[in-house]
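I opened the model to look up its nonpolar core, one set of paired strands and its cysteines. My notes follow the coordinates below.

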Amino acid sequence: MASKDAQNQRRGLPSFLPGVPDPDQSLPASSSNPGNQAWQLSRPLPRSFLPTVSFPPGLEYLSQLDLIIIHQQVELLGMILGTETSNKYEIKNSLGQRIYFAVEESICFNRTFCSTLRSCTLRITDNSGREVITVNRPLRCNSCWCPCYLQELEIQAPPGTIVGYVAQKWDPFLPKFTIQNANKEDILKIVGPCVTCGCFGDVNFEVKTINEKLTIGKISKYWSGFVNDVFTNADNFGIHVPADLDVTVKAAMIGACFLFDFMFFEHSLAGL
């Protein structure tokens, strides 16, 4: 698992975003399993970098990151029984150190009969077990031919305080989404490729300004190999963003990763 995480880290480092350390040089030499390390703030942020308002509790971890790695854990029970189980994700920094852990809460009926469209809640906790982000997904449609009642996520940070939304926008050809603030005002757009199956390669969703003239980052679903993509639902994502992007927007992009996983990559054959 450690070598696989290291491989994903190397492939996920953005060439267009400065300041990302080389994971091969930054990992402690004595660590045999760096993917299981818990990340902590190594030193105080420079005073000039600190915003005029405080971060929502727990989101200060995101303030220094320009690469966020999301690794879905393999559910052996689901593989053996062929059933849909609740998803679990590890959220890591560019060094492979875990900063958050996400667990899906949903009922068996929804997972069985609604499958990838199911309503659910994803609870994201930090390494102390404190819930810092809540992602609510209602039951909605998912069709390029149906412009009504499309996918939407609600992002709360801390739980109970809405900080943003991820909303699907109708388009007959491309997957399109917007990141919105708490007042449902559009902040950024996310535009995916026409084909999301990822035939032996990564699938990139570009993060753009509202007018779509400037790309500021991307959300990538990494291709993790033929056997893994065909026989498991364990997906790996990388979120590439400017380090000084608002932490609530970064939290919304983490929620967008979960939504993309459900919509495009949840079935084991989706990686073909």
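These entries record what I looked up, beginning with how the values were obtained.

The model is predicted, so I kept local features only at pLDDT of at least 70 and side-chain atom pairs only at pLDDT 80 or more, while totals for chains, interfaces and linings use all residues. I number residues from 1 along each chain as its sequence is written, and side-chain values use heavy atoms, with hydrogens and water left out.

**Core.** I looked up the largest nonpolar core (buried Ala, Val, Leu, Ile, Met, Phe, Trp, Tyr and Cys residues joined through side-chain atoms within 4.5 Å) and found 49 residues, of which Ile91, Ile124 and Ile219 touch the most other members. Helix α6, residues 247-265, contributes the most to this core, with 15 residues (helices are DSSP runs of H or I with at least four residues, strands runs of E with at least two, numbered from the N terminus). Beyond four places in sequence, the contacts of Ile219 (heavy atoms within 4.5 Å) include Met253, Ala256, Cys257 and Phe260.

**Strands.** I then followed strand β2, residues 88-92, where 4 of the 5 residues are buried (under 20% relative accessible area; exposed is over 50%, partly exposed in between, with a 1.4 Å probe and protein chains only). β2 runs antiparallel to β1 over 4 bridges and to β3 over 5 bridges, where pairing requires at least two DSSP bridges. Glu90 is the bridge partner of His71 and stands opposite Phe101 in β3.

**Cysteines.** I counted 0 disulfides, taking cysteine sulfur atoms within 2.5 Å as the criterion. Cys108 is partly exposed at 48% relative accessibility, whereas Cys194 is exposed at 57%.
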